[in-house]
Every structure is written in C-alpha cells, then in structure tokens.
Amino acid sequence: ADHACLSPFYFQRSFKQFFGISPNNYLRNYRMNQAQKFYQEGLTTPEVALRCGYDDIKYFRKIYNGLPS
C-alpha cells in the first residue's frame with residue numbers, strides 16, 4: 001500500500017477487485033504453490049517452510065495440510 005501511495009484499505013479493496021482474491025489469500029496461494037515445488041525437489045518440511053517465509057513450522061503444516069487436494 002505504501003509503495004502504491006494508497007491507504008491499506010483502498011489497496012486491499014482495489015487488489016480484490018482486480019484479482020478477485022484478497023492480498024493475504026493471494027500470498028498464501030503463491031507460497032503453497034512454491035511449497036509444492038520444493039517438496040517435489042525433495043526438500044524437508046522445515047526447509048520448505050523457511051523457504052516459503054514461514055518461521056513457525058507447526059503453523060506451516062497446519063496451512064499446508066488444510067489445502068484441498
């Protein structure tokens with residue numbers, strides 16, 4: 001929002017109108033797609049979590065395992 005010189009509220013609203021998804025959901029989806037690629041490369045869960053920006057491995061597992069198959 002700061003880089004776009006917009007208020008956080010206006011940025012979120014505009015982002016959702018343009019992409020059809022909230023910025024938080026967009027980021028989570030991007031991270032989970034990256035996680036799938038890292039798992040296919042043979043990385044361990046702690047390595048995948050850290051590379052995807054999650055410091056809390058338990059939280060990462062909760063998010064990743066909660067995805068629809």
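**Contacts, core and surface patch**

In the predicted model, C52 touches R31, Q34, A35 and F38, when residues up to four places away in sequence are not counted. C52 also belongs to the largest nonpolar core, together with M32, A35, F38, L43, V48, A49, Y54, F60 and I63. This core comprises 10 residues in all. Two of the contacts of C52, A35 and F38, are thus with members of the core. Three helices, α2 (23-40), α3 (45-51) and α4 (57-65), each supply at least two residues of the core. The greatest contribution is that of α2, with 3 residues. In soluble globular proteins, nonpolar side chains tend to be buried together.

T45 is located in helix α3. The relative accessible area of T45 is 18%, and T45 is classed as buried because this value falls under the 20% cut-off. With neighbours within four places in sequence left aside, the residues in contact with T45 are Y39, I57, F60 and R61. One of these, F60, is a member of the nonpolar core.

A nonpolar patch on the surface is formed by F18, F19 and Y26. The accessible area of these residues together is about 380 Å². Within the patch, F18 has its place in helix α1, which covers residues 8-19. F18 has a relative accessible area of 68%, and it is classed as exposed because this value is over 50%. T45 and F18 therefore fall into opposite classes, T45 being buried and F18 exposed.

Methods. Residues numbered from 1 in each chain as written. Predicted model: local features only at pLDDT ≥ 70, side-chain atom pairs only at ≥ 80, totals over all residues. Heavy atoms only, no water. Core = buried A, V, L, I, M, F, W, Y, C linked by side-chain atoms within 4.5 Å. Buried < 20%, exposed > 50% of the residue type's maximum accessible area, 1.4 Å probe, protein only. Helix = DSSP H or I, 4+ residues; strand = E, 2+ residues; numbered from the N terminus. Contact = heavy atoms within 4.5 Å. Patch = residues over 30% accessible without salt bridge, like charges linked within 9 Å, V, L, I, M, F, W, Y side chains within 5 Å. Areas by Shrake-Rupley, 256 points an atom, 1.4 Å probe, with all protein chains shown as cover. Salt bridge = Lys/Arg side-chain N within 4 Å of Asp/Glu carboxyl O.
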